[in-house]
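Colleague: I am new to reading protein models. Could you walk me through this one, starting with its cysteines?

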Amino acid sequence: MVQKMRFWGTSAGEGTPTPFCECPICEYARKVGGRENRLRSSFRIDEFTAIDLGADFNAAAQKLNESLFSIENILYTHTHDDHFNYLLFWTRFVARKKLAKPLNVYLVDSAFDVIDDFYMKSKLTAGRESYSRPEDLNFVRLEFGKEYEIGNLRVTPLRGDHGTAYEKNAANFLIKLPNGKLMYYGLDSGYYLDETFDALAGSKLDLLISECTMPILTDDGKNSRGHLNLHTALRVFERLFGQGTIDENTQVWLTHIAPIGSTHAELCEYIGKLELPYKLDVGYDGLSLEADFGW
């Protein structure tokens, strides 16, 4: 059975434990396992739509004992390898049971150009055309600030403060769910751009999934760029609360967490002691918001 609104991975790019690392956090994860172990970030909204099926899609599917057979749409925040993995398309193509329609792959702004220019047209990637045919894959370019109907969702990409060698901004997604609830998927970004705060000012979120790449428990008072540390994330939430985008009923989940600063248990303990006007918790691999929280 597919678990809706499920974290398929909650790590930053290196995974936890990181294979080449023997720091105390990675060693603790190896010893304890469970929620301390994180695959690279990915999120499944429902049977048909997922966000960032990236580097660990195969491992996550096996770990969670779920199939991706019903997936029709994938939203990609950007083309960094921990979020986007072209092997997924080949894996789907060689499956023994074929699907009758193509997989819709949504890329925002210049992320589409990266795929179109490099993966689809470059002589360096010759051979991929055998499993990138229109009947297999449908690449769709989205624009920041525009609303789209994708499956049974209403999706608006907004700019994150995070770039690649090819893209100036990663995409974050404002999503209206079929039940009328509103969620925001905020990976990868540092302190939000003013235009993003402004775009969210007219919305009231029921769910905010936010990155917290660096869960460092001490605060240097500075706002991190490119990725959020814990205290920059708290300042983002404070501003969103002040402008009415989140309130006491909003559930905020942290994800995209690197083995930096604190273990999962330490981060949960720290957050549990905070007095906040919204609900904040720490995501972990396999957590289903449908099964555990009625979504």
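Modeller: Gladly! A disulfide is a pair of cysteine sulfur atoms within 2.5 Å. This is a predicted model, in which local features need pLDDT of at least 70 and side-chain atom pairs count only at pLDDT 80 or more, while totals for chains, interfaces and linings use all residues. Residues are numbered from 1 along each chain as its sequence is written, and side-chain values use heavy atoms, with hydrogens and water left out.

Colleague: How many disulfides does the count come to?

Modeller: Take Cys23, whose closest cysteine sulfur is in Cys21 at 3.4 Å, too far for a bond. Cys212 is in no disulfide either, since the nearest cysteine sulfur, that of Cys268, is 11 Å away. By this rule the number of disulfides is zero.

Colleague: Is Cys212 buried or exposed?

Modeller: Buried means under 20% relative accessible area, exposed over 50%, and partly exposed in between, with a 1.4 Å probe and protein chains only. Cys23, at 22%, is partly exposed. Cys212 has 0% relative accessibility, so this cysteine counts as buried.

Colleague: Which strands stand at the edges of the sheet?

Modeller: Strands (E, at least two residues) and helices (H or I, at least four) are DSSP runs numbered from the N terminus, and two strands pair if DSSP finds at least two bridges between them. The open sheet has six strands in the order E1-E2-E3-E4-E5-E6, with mixed pairing. Each edge strand has a single partner strand, so one side of it is left without a neighbour in the sheet; these are E1 (6-9) and E6 (137-142).

Colleague: Which residue is the bridge partner of Ala50 in E4?

Modeller: Strand E3 (residues 49-51) pairs with strand E4 (residues 73-75) in the parallel sense, over three bridges. In E4, the partner of Ala50 is Ile74.

Colleague: Let us turn to empty space. What is the volume of the largest pocket?

Modeller: Rolling a probe the size of a water molecule over the atoms shows where empty space is left. On a 1 Å grid over the protein atoms alone, a cavity is a set of points where a 1.4 Å probe fits but cannot get out; a pocket is an open set with protein on both sides within 12 Å along at least five of seven lines, and lining residues have an atom within 4 Å of a point. Grid points are joined across faces, edges and corners, and a volume is the space filled by probe spheres set on the points. For the largest pocket, that volume is about 330 Å³.

Colleague: Which helices each supply at least two residues of its lining?

Modeller: Among the 17 residues that line the largest pocket, the closest to its centre are Phe57, Leu68, Phe69, Thr91 and Arg92. The helices that each supply at least two lining residues are H2 (57-64) and H3 (87-93).

Colleague: How many residues in the lining of the second largest pocket are charged?

Modeller: Ala, Val, Leu, Ile, Met, Phe, Trp, Tyr, Cys and Pro count as nonpolar, Asp, Glu, Lys and Arg as charged, and the others, Gly among them, as polar. This pocket has a volume of about 180 Å³. Its lining has seven nonpolar and two polar residues, and the charged ones number four.

Colleague: Which elements give two or more residues to the lining of the second largest cavity?

Modeller: There are two cavities of 30 Å³ or more, and the second largest holds about 40 Å³ of space. Its lining includes Trp8, Gly9, Phe57 and Ala60. The elements giving two or more residues are E1 and H2.
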